[in-house]
Every structure is written in structure tokens, then in C-alpha cells.
Amino acid sequence: MILFDSPNFANHEGVHAFSDEKTGLKAIVAVHSTARGPAVGGTRMWNYATAEEALEDVLRLSKGMSYKNAIADLEMGGGKSVIIGDSRTQKSPELFQAFARFLNGLGGHYYAAEDVGTSVEDIAEARKVTEYVLGLKDGPEASGDPSPVTAEGVFRSNLVVARRLFGKSDMTGLTVAVQGVGHVGAYLCEKLHAAGAKLIITDVNQDNLNAVAAKTGAEIVSPDAIYDVQADIYAPCALGATLNPETIKRLKVKAICGAANNQLATPAIGDALHEMGILYSPDYVVNGGGIINVASEMNARQNGTAYDPAWVEGKLSRLMETFEEILVRSEQENRPTYQIADAIAEERIKVAADKKAAALKV
Ligand code: NAD
């Protein structure tokens with residue numbers, strides 16, 4: 001495959017491959033767009049079967065970050081990085097320090113953060129060598145665990161859906177089926193329960209299920225049964241691609257609103273949900289609280305200030321207005337919600353790119 005011919009290439013500004021013989025590091029950093037600011041996105045460590053698989057993944061995820069950061073109205077572009085390797089056996093402090101030295105070489109075009117297979121501890125290791133990492137645990141600028149803010153955004157999005165679709169001012173009388181009660185799912189369940197929702201939950205981790213059920217009185221079902229339950233809203237908070245041709249036929253809900261990334265197996269599923277009259281809340285809109293939280297750390301770093309919860313709250317409120325705008329436009333234009341969200345993100349990126357080009361007179 002020639003890089004520029006990949007369907008995922010999508011006019012990336014830069015794609016950088018790095019290797020370090022001593023630590024075994026093999027990494028790819030993809031910078032999709034810096035039109036709105038430095039590219040920000042997590043570092044995934046995964047045992048990809050081939051380098052091509054790693055490249056396709058990083059390109060797809062990097063473009064996704066441009067859209068997520070734009071829709072949240074952050075002064076950040078989109079990027080992502082992957083480290084090829086087994087996160088259980090091939091990690092070392094030296095590996096993350098080597099990765100960090102390469103980030104220094106990119107001179108702030110890209111900021112890395114925690115993602116699947118990497119931890120806050122790995123990021124802290126990289127921070128010893130570079131300032132171009134975010135999502136720290138300690139210090140005045142640190143944004144800490146993003147999960148509570150992500151859950152708050154998903155919860156408020158559920159309230160928006162409840163109001164628009166069911167005429168409710170809270171969640172009383174509504175049943176939400178939550179798939180995955182890990183970091184985000186557990187916080188979400190507590191908030192939904194406090195707002196009066198009845199919960200049906202599933203997970204592959206029994207301890208997580210027991211803890212949430214004890215706090216919220218949720219009904220527990222087996223992982224596969226979650227698609228068949230009688231509920232008003234389905235909240236996927238575990239894996240991606242759970243909305244696929246097989247599962248959407250089984251859903252009995254009126255809306256989907258959860259935290260998981262990449263919920264639609266393909267864009268065609270978004271079209272199908274629209275035709276079925278099931279309101280799909282675009283994942284990268286409703287789960288944007290986490291990246292907003294991280295953005296506050298970047299502001300603090302750049303301005304020499306501290307993490308600012310009030311700024312985070314302002315951005316989250318604005319994101320909820322954008323979510324509502326997407327739902328209104330979807331109804332008015334009879335177009336799937338994911339298409340409206342993409343159109344808004346693309347327009348914001350284009351405006352910023354045009355402004356940047358004008359400033360550079362190119
Ligand atoms: P997590 O790993 O803490 O929780 C995921 C939960 O899903 C775990 O309890 C796990 O046991 C469960 N699970 C795994 N496979 C399952 C299956 N087949 N059926 C049911 N449950 C299953 O992760 P998290 O941080 O809570 O994130 C949840 C989702 O939200 C992920 O898709 C993540 O990418 C996305 N997301 C998270 C954040 C954040 O701030 N943490 C931000 C944006 C998006």
C-alpha cells in the first residue's frame with residue numbers, strides 16, 4: 001500500500017515513523033491537522049500483526065481526533081500515535097523516554113496522552129524527557145482522570161435526549177441499558193440513577209457489575225442480552241463497533257447515547273439508524289468531556305497557570321449546545337446525526353485552515 005493512496009490518508013499533514021534499536025521502540029505518529037492548534041491525541045500501544053495495520057489504525061484515529069477536538073471547540077488539531085508491541089510484556093521506562101525524545105523532534109506539533117495500552121505512569125515517564133505529553137496525575141496543571149468529566153458529558157447528553165424525545169426534565173420513568181460499567185460507565189450509572197433512571201447493565205467484569213448494582217439497584221444482564229432488553233436508551237460504554245448490522249436489528253430502544261469511541265461499525269449503520277427512527281448521539285460529540293479536561297492541562301502548560309475547572313465547565317456546556325444543534329438540524333434536514341456532526345467539524349477545521357493560510361499568505 002502506498003501511504004497517499006490509503007482511504008484513511010485523508011490529507012494528513014504529517015506521518016512520522018520512529019524506531020529505536022536499544023529499547024525496541026517502533027512508533028508511528030500521525031498528525032492529521034494543526035489548523036486549529038497543536039495536534040492532540042492519545043498514544044495506543046498494541047500488538048499489531050503488521051506495520052500496515054498499525055498505520056491504518058493511527059491514520060483513522062488521528063483524523064477522528066481532528067473532528068473530536070473541533071466539535072468541542074478546542075484550540076487543538078488532531079493527531080494520534082501508536083507504539084507497536086505488547087503492552088503487557090514490552091514496556092519499559094526507557095521505551096517511553098525514547099518515544100518522548102522523538103516527540104521533542106516534532107517540536108510541539110503533536111501532544112501525546114494516555115490511550116489503550118498506555119497508562120498515566122507511562123506518560124509520566126515520557127514527561128521526564130518532553131513537555132509534549134498531557135494527562136498527568138500530579139501538579140497544578142494536571143488534569144487527572146478524564147472519566148468523571150466524560151461521564152458528565154454523556155449524562156447531560158442523555159438529559160438532552162430525554163427532553164427532546166420523551167418530553168422529560170429528568171430521567172424519571174426512563175430505562176437506560178448501559179454496556180460496560182468501567183471508569184466512565186460506573187460514573188454515568190450513578191448520575192442516571194440519581195436523576196431517576198431505571199438501569200439495566202452488563203459487563204464482562206463481575207466486580208464492576210456488583211459495585212454498580214449495589215449503588216444503583218441496576219438489573220444485571222449477560223453481555224449478549226443487552227441488545228434485546230426493553231429500554232428507552234442504549235448507552236454503549238465499553239467497546240467500539242457495537243452498532244452493526246446484527247445488533248441494530250435487535251435493539252428496542254428509541255435512542256443511543258453512550259461514551260464508547262467509534263460506535264458505528266460503518267457510516268452506513270448511521271444511515272440505517274436514522275431510517276429506523278433511532279436517535280444516534282454521535283459518539284465523539286457526547287464523549288468530548290474527556291478531551292476538554294485534557295485541553296485545560298494544555299492551556300495551563302502554555303500559560304503557566306493551573307488546571308481550571310470553570311473553563312472545563314464552560315466548554316462542556318458549549319459542547320452540549322452543539323449536540324442540541326446537531327439534533328435540531330438532523331430533524332430539520334432529515335439527515336443522520338453523524339453526518340451533521342461531521343459537517344460542523346469539517347467546517348470548523350476549514351475555517352481555521354483558511355485563516356491560517358491567509359495569515360501565512362499561502
Ligand atoms: P474501562 O476499560 O474503564 O471500561 C470499559 C468496561 O467495559 C470494563 O468494565 C470492561 O470490563 C467492559 N467490557 C469490556 N468488554 C465488554 C463486553 N464485551 N461487554 C460488556 N462490557 C465489556 O474504559 P472507560 O475509560 O470507562 O471507557 C469506556 C469507553 O469510553 C471506551 O470505548 C473509551 O474509548 C471511551 N471513552 C472514554 C473516555 C474516558 O474519559 N475514559 C473518554 C472518551 C471515550
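**View 1. Polar contact between domain 1 and domain 2 in a predicted model.** Between domain 1 and domain 2, 1 residue pair is in polar contact, with both residues at pLDDT 80 or more. How many salt bridges does the rule find across this interface? The count is 0. On the side of domain 1 that touches domain 2, 4 residues are nonpolar and 2 are charged. No polar residues appear on that side of domain 1.

**View 2. The two domains of the chain.** Domain 1 covers residues 3–127. Domain 2 is made of two stretches, 147–286 and 322–345. How far apart are the C-alpha centres of the two domains? They lie 28 Å apart. Domain 1 brings 6 residues to the contact, and domain 2 brings 10 residues.

**View 3. The area buried between domain 1 and domain 2.** About 620 Å² is buried between the two domains. Carbon and sulfur atoms give 69% of this area. Which three residues supply the most of what domain 1 buries against domain 2? They are Tyr67, Lys68 and Ile71. This trio supplies 81% of the area on the domain 1 side, more than any other three residues there.

**View 4. The residues around the ligand.** The ligand is surrounded by 20 residues. Look for the closest ones: Thr150, His183, Val184, Asp203 and Asn208.

**View 5. Polar atoms close to ligand oxygen atoms.** Start with histidine 183. An N or O atom in the side chain of histidine 183 is 2.6 Å from an oxygen atom of the ligand. Next comes alanine 238. Which part of alanine 238 lies 2.9 Å from a ligand oxygen atom, backbone or side chain? For alanine 238, the answer is a backbone N or O atom. Asparagine 261 uses a polar side-chain atom, which lies 2.9 Å from an oxygen atom of the ligand. How much of the ligand does the protein bury? Taken alone, the ligand exposes 830 Å², and the protein buries 74% of that.

Note on methods. Residues numbered from 1 in each chain as written. Predicted model: local features only at pLDDT ≥ 70, side-chain atom pairs only at ≥ 80, totals over all residues. Heavy atoms only, no water. Domains from an automatic or database assignment. Contact = heavy atoms within 4.5 Å. Buried area = accessible area lost by both parts, 1.4 Å probe. Salt bridge = Lys/Arg side-chain N within 4 Å of Asp/Glu carboxyl O. Polar contact = N/O pair within 3.5 Å; in protein donor to acceptor, adjacent residues only side chain to side chain. Nonpolar A, V, L, I, M, F, W, Y, C, P; charged D, E, K, R; others polar. Near = heavy atom within 4 Å. Areas by Shrake-Rupley, 256 points an atom, 1.4 Å probe, with all protein chains shown as cover.
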